[in-house]
Amino acid sequence: MGRRRVVLATFPAQGHINPALQFAKRLLNAGTDVTFFTSVYASRRMAISSAAASPPGLDFVSFSDGYDDGLKPGGDSGRYMSEMKSHGREALRGLLLRTDATFLVYSHLFSWAAEVARDAHLPSALLWVEPATVLCIYHFYFNGHAAAADAGSDDIRLPHLPPLRQRDLPTFLLPEAPERFKSMMREKLETLDAGRAENEKVKVLVNTFDALEPDELRAVDRYELMGIGPLIPTAYLDGRDPSDISYGGDLFRTPEDDCGCASWLDAQAPSSVVYVSFGSVLKLQKEQMEGIAEALLACARPFLWVIRRNEDEEEEDEEELSLAMELGKLGKMVRWCAQLEILGHGAVGCFVTHCGWNSAVESLSLGVPVVAVPQWFDQGTNAKLMEDAWGCGVRVGGGGGGELRRCIEMVMDGGEKSRVVRENARKWKDLAREAMADNGSSFNNIHAFLQQI
Ligand SMILES: O=c1ccn([C@@H]2O[C@H](COP(=O)(O)OP(=O)(O)O[C@H]3O[C@H](CO)[C@@H](O)[C@H](O)[C@H]3O)[C@@H](O)[C@H]2O)c(=O)[nH]1
């Protein structure tokens with residue numbers, strides 16, 4: 001029998017590419033070939049950041065979605081998604097015809113890929129790159145439980161989930177969200193459900209682990225949710241492969257881009273640095289930036305702040321911050337960094353984060369407590385989980401720089417709350433490692449998945 005080949009169709013955003021690449025490595029290690037399928041834009045960017053040749057068994061196939069230089073800020077995202085779908089479908093159809101693929105795994109904004117696989121009689125599974133809880137919320141919302149959320153209630157009861165407030169919901173489900181976002185998610189869930197054979201559950205691979213979301217992973221009867229995370233490089237887990245220190249597909253970093261973060265951190269005291277980053281997508285408003293600057297200065301602790309900017313944008317941001325000089329004396333501001341290396345450095349004491357799911361998973365896996373400043377998408381739900389369910393952080397309740405400062409101090413000041421969140425962060429770090437270790441829950445789930453395919 002020939003080797004298995006999994007096609008991994010991945011939406012071209014950092015938050016999807018990172019876990020997909022890590023999953024690809026797991027498949028390769030288990031003797032499965034992988035074809036990584038994404039847009040030309042993402043492939044080119046990934047090739048810039050990673051000079052290393054692909055490991056044997058892994059190849060990359062890209063398709064032009066009409067946005068080979070990426071979607072520009074302020075661009076029409078609706079059109080972008082529909083172009084992606086029409087070009088992507090054709091390209092994937094062609095790929096499946098000419099390869100020996102035996103299975104398709106797709107990330108959730110590529111749900112059209114499941115239809116292409118179905119037409120080609122190829123089995124498929126969704127790789128869900130957000131917590132199981134978020135998938136459960138969408139499922140129950142679209143299956144008879146929308147009333148409380150739609151009414152703007154702050155006491156939303158969904159099966160198997162803790163009571164939720166509006167701010168804990170994915171923003172696509174908020175009453176004020178544009179209808180097209182809701183429709184998009186509804187359509188994605190319908191596509192997923194349409195793949196279900198009679199008496200069979202739909203397989204969903206989730207970047208989480210059993211101990212983290214034990215009830216949520218079993219909450220939806222029609223889905224078989226398999227916790228296969230944390231999908232982060234193994235050097236940060238069991239350390240068995242010390243060379244596996246990055247995902248290998250950075251969209252925003254070039255090899256020349258050594259921001260000097262590691263040596264700067266080396267010079268700081270243990271657990272003293274406040275690391276601030278809002279992921280790969282968000283661009284904060286000027287007012288929010290000023291609030292962060294004010295909080296960091298008031299805390300008077302060393303900080304490392306990632307202020308994202310696309311290459312074609314004007315120099316602005318921190319140059320424009322009214323307190324730029326004072327900030328420069330206290331901390332370091334960079335455009336992009338190797339986040340895992342930062343979170344794994346002993347000098348980092350807390351992570352001020354938007355709670356994108358990868359950032360959340362990385363902080364849990366590396367035992368770094370968080371100050372959660374969610375903005376949109378799934379981030380409010382993730383922040384709720386981090387604060388209430390896992391106790392490894394505090395959530396900023398609005399209120400600008402003063403409130404942010406208060407929350408950073410709560411995590412950093414060594415007081416009672418600070419001790420508790422640190423202890424919980426350490427506990428989740430251990431459990432994350434256990435999940436991925438030999439015979440851990442995620443290790444076993446990945447192997448069970450491979451048996452099934
Ligand atoms: O300077 C940086 C900043 C980020 N990262 C990495 O970039 C990824 C960012 O992912 P994530 O934390 O999930 O944030 P976003 O890029 O904002 O992710 C989008 O996609 C995620 C998955 O769907 C959602 O959970 C988020 O809400 C959504 O904003 C992480 O792996 C980080 O390690 C770096 O390596 N260097």
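Accessible areas here come from the Shrake-Rupley method with a 1.4 Å probe, and the structure to which they are applied in these legends is a predicted model.

**View 1. Surface and overall dimensions of the protein chain.** The protein chain exposes about 18900 Å², and carbon and sulfur atoms supply 50% of that area. Of its 453 residues, 55% count as buried. Along the principal axes, the C-alpha atoms fill a box of roughly 60 × 50 × 45 Å. The radius of gyration of the protein chain is 21 Å, which agrees with the value near 22 Å that a compact globule of 453 residues would have.

**View 2. Secondary structure, contacts and charges of the protein chain.** The protein chain has 16 helices and 13 strands. When contacts with a separation of 6 or more are considered, residues 24 or more positions apart account for 67% of them. The protein chain carries 47 positive and 64 negative charges, and the mean positions of these two sets are 2 Å apart.

**View 3. Helix α5 and the elements that cover it.** Helix α5, which spans residues 132–142, is mostly covered, with eleven of its eleven residues buried. Among these buried residues are the aromatic-named positions Y138, F140, Y141 and F142, together with A132, V134, L135 and I137. The cover over the buried residues of α5 includes the strands β5 (124–128), β6 (202–206) and β7 (223–227), and also the helices α6 (147–150), α7 (179–194) and α13 (379–389). Just after α5, G144 takes a positive phi of about 90°.

**View 4. C136, a cysteine within helix α5.** C136 belongs to the buried residues of α5, and it counts as buried because its relative accessibility is 0%, where the cut-off for this class is under 20% relative accessible area. With a disulfide taken as a pair of cysteine sulfur atoms within 2.5 Å, the count comes to zero disulfides. C136 is accordingly in no disulfide, and the nearest cysteine sulfur, that of C355, is 18 Å away.

**View 5. C407 and its closest cysteine sulfur.** Which cysteine holds the sulfur closest to that of C407? The closest one lies in C299, at 9.8 Å from the sulfur of C407, and this is too far for a bond. C407 is buried, since its relative accessible area is 0%.

Note on methods:
Residues are numbered from 1 along each chain as its sequence is written. This is a predicted model: local features need pLDDT of at least 70, side-chain atom pairs count only at pLDDT 80 or more; totals for chains, interfaces and linings use all residues. Side-chain values use heavy atoms; hydrogens and water are left out. Buried means under 20% relative accessible area, exposed over 50%, partly exposed in between (1.4 Å probe, protein chains only). Helices (H or I, at least four residues) and strands (E, at least two) are DSSP runs, numbered from the N terminus. The radius of gyration is taken over C-alpha atoms; the globule rule is 2.2 Å times the number of residues to the power 0.38. Contact means heavy atoms within 4.5 Å. Lys and Arg count as positive and Asp and Glu as negative; His and the chain ends are not counted. The place of a charge is taken as NZ of Lys, CZ of Arg, CG of Asp or CD of Glu.
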